[in-house]
Amino acid sequence: NKNNLKFLKKTEAALDAQVDSLGVHKSYNLLEHAKFINNINEIKNIFLYFGIKIPDKINFLILNMTSILNQYIHDDGSIALFNGANNSYQKQIIELLSQEEFLKSRTFKNVQNGIAFYYDKKKRVFYDVVQPTTYGFSKNLSAGTLSFELSVLGEKIITNCGASENSGKNPEYLRYSAAHSTIILKNTNISEIKEKNPHLKYPQKVSFNYENINDMSIFEGSHNGYMNKYKKIIKRKLIISNNKNKVIGEDSIISLKAKDEKIVYHIRFHLMPGINTNVTNNKKNIILKTKKNKIWLFKSNSEITIENSIYVNNNTTKEIQQIVIKGITSKTKQTEKWSIEKI
């Protein structure tokens with residue numbers, strides 16, 4: 001009994017160390033999160049086999065983490081693709097969710113760190129405001145700070161490039177900032193990517209704020225990942241309509257120096273496979289047509305282009321398109337405004 005008690009305390013301490021206050025695995029990879037739930041279930045089965053009373057903490061953790069996983073499912077049934085997640089085990093994850101009968105809806109309103117999420121009956125938005133650390137949990141984080149994904153009416157529209165589990169690891173380029181729907185300066189990664197090591201250089205401060213004003217849910221995040229190299233702060237505001245299928249974005253590059261040199265920036269929006277694009281004559285609007293023949297309009301206050309990209313899922317790589325807003329700025333504050341709306 002004494003040995004059992006020591007074992008239980010060590011087990012609970014190990015579980016606490018790997019899960020954040022909201023109930024998300026600290027890899028912030030939803031596939032790893034699902035695997036972790038499965039592992040806890042296996043521990044629970046060991047307790048049952050040996051007739052050991054299952055601690056309340058373990059039962060709570062399984063239910064809590066499963067409820068959270070249910071929030072990170074897109075409108076098309078896939079999981080959010082952040083930090084190396086992929087949908088190779090989509091069927092198993094759905095089965096895992098179906099094992100729990102009483103899953104409560106969760107919110108991200110008062111949380112400062114993680115993958116922020118918004119959902120209503122028609123749409124889901126996920127937004128990366130993870131604070132990297134030097135701990136081992138951060139070693140596989142992608143350099144995708146402030147990237148987001150969007151799904152509406154059973155279809156995913158905006159995505160990150162995804163990941164592959166071939167050979168047990170993901171190619172480094174899929175962890176680069178350019179493989180995410182985010183803001184990039186000089187084609188440089190927001191966090192330094194180094195295989196098998198925690199980030200050596202990463203944003204020392206990632207902040208997040210939530211507001212709900214006039215039927216609009218407002219996610220506002222910022223990071224200082226480019227401060228040392230370029231003396232810049234990056235901010236992204238997502239204004240999500242609660243009643244319409246519309247998201248408005250404001251992306252800002254803020255200089256910490258009064259006089260600054262010119263700097264190149266790219267804002268990337270990776271589109272799901274099967275979405276067709278048509279750039280309008282003014283080069284500031286793009287008409288999107290989805291697989292289900294739904295029409296979307298992407299607008300920008302600057303000229304936009306379409307470039308090739310890739311999407312990796314189920315260990316298969318597909319060629320896709322990405323919307324890119326690019327420019328050169330030496331301003332103290334450069335703000336790009338854009339929106340995406342179903343028409």
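Two strands are said to pair if DSSP finds at least two bridges between them. The legends below apply this to a predicted model.

**View 1. The hairpin of strands β1 and β2.** Strand β1 comprises residues 114-119 and strand β2 residues 123-129. The two run antiparallel and are joined by 6 bridges. Within this pairing, Phe 117 has Phe 126 in β2 as its bridge partner. The connection from β1 to β2 is a hairpin of 3 residues. Strand β1 is mostly covered, with 5 of its 6 residues buried.

**View 2. Packing of helix α1 against helix α2.** Helix α1 spans residues 2-18, and helix α2 spans residues 30-49. Their axes lie 12 Å apart and make an angle of about 170 degrees; the two helices are therefore roughly antiparallel to each other, since angles over 145 degrees fall in that class. On the α1 side, the contact is made by Phe 7, Leu 8, Thr 11, Leu 15 and Gln 18, which meet Phe 36, Ile 40, Ile 43 and Phe 47 of α2. Of the residues in this contact, 7 are nonpolar, 2 are polar and none is charged.

**View 3. The largest nonpolar core, with Ile 340.** This core has 81 residues, and Tyr 72 and Ile 340 are those with the most contacts inside it. Helix α2 supplies the largest share of the core, 7 residues. With neighbours within four places in sequence left aside, the contacts of Ile 340 include Leu 150, Ile 157 and Ile 158, as well as Val 247 and Leu 288. Ile 340 is also in contact with Trp 296, Leu 297 and Phe 298, and with Asn 245 and Lys 246.

**View 4. The open sheet of 8 strands.** The strands follow the order β6-β7-β8-β9-β16-β13-β12-β11, with antiparallel pairing. Strands β6 and β11 (276-279) stand at the edges with a single partner strand each, so one side of each has no neighbour in the sheet. On average, neighbouring strands of this sheet are turned by 15 degrees against each other, direction ignored. One pairing in this view joins strand β12 (residues 285-289) to strand β13 (residues 295-300) over 5 antiparallel bridges. Here Ile 287 has Leu 297 in β13 as its bridge partner.

**View 5. The hairpin of strands β6 and β7.** Strand β6 (residues 206-213) pairs with strand β7 (residues 216-223) in the antiparallel sense over 8 bridges. Val 206 stands opposite His 223 in β7. The turn of the hairpin has 2 residues between the strands, and Asn 214 in this turn has a positive phi of about 50 degrees.

**View 6. The surroundings of Phe 269 in strand β10.** Strand β10 covers residues 263-271. Phe 269 has a relative accessible area of 0% and is therefore buried, the cut-off being under 20%. Neighbours within four places in sequence excluded, Phe 269 is in contact with residues including Phe 148, Ile 158, Phe 298, Ile 323, Ile 325 and Trp 338. Among its other contacts are Ser 181, Arg 236, Gln 321 and Gln 322. Ser 207 lies 62 residues from Phe 269 in sequence and 22 Å away in space, C-alpha to C-alpha.

**View 7. The surroundings of Leu 96 in helix α4.** Helix α4 is formed by residues 90-98. Leu 96 is buried, with a relative accessible area of 8%. Residues up to four places away in sequence not counted, Leu 96 touches Ala 34, Ile 37, Asn 41, Thr 66 and Leu 69.

Terms used. Residues numbered from 1 in each chain as written. Predicted model: local features only at pLDDT ≥ 70, side-chain atom pairs only at ≥ 80, totals over all residues. Heavy atoms only, no water. Axes fitted to C-alpha atoms, helices over the stretch in contact; angles between N-to-C directions. Helix = DSSP H or I, 4+ residues; strand = E, 2+ residues; numbered from the N terminus. Parallel < 35°, antiparallel > 145°, perpendicular 65-115°, else oblique. Contact = heavy atoms within 4.5 Å. Nonpolar A, V, L, I, M, F, W, Y, C, P; charged D, E, K, R; others polar. Core = buried A, V, L, I, M, F, W, Y, C linked by side-chain atoms within 4.5 Å. Buried < 20%, exposed > 50% of the residue type's maximum accessible area, 1.4 Å probe, protein only.
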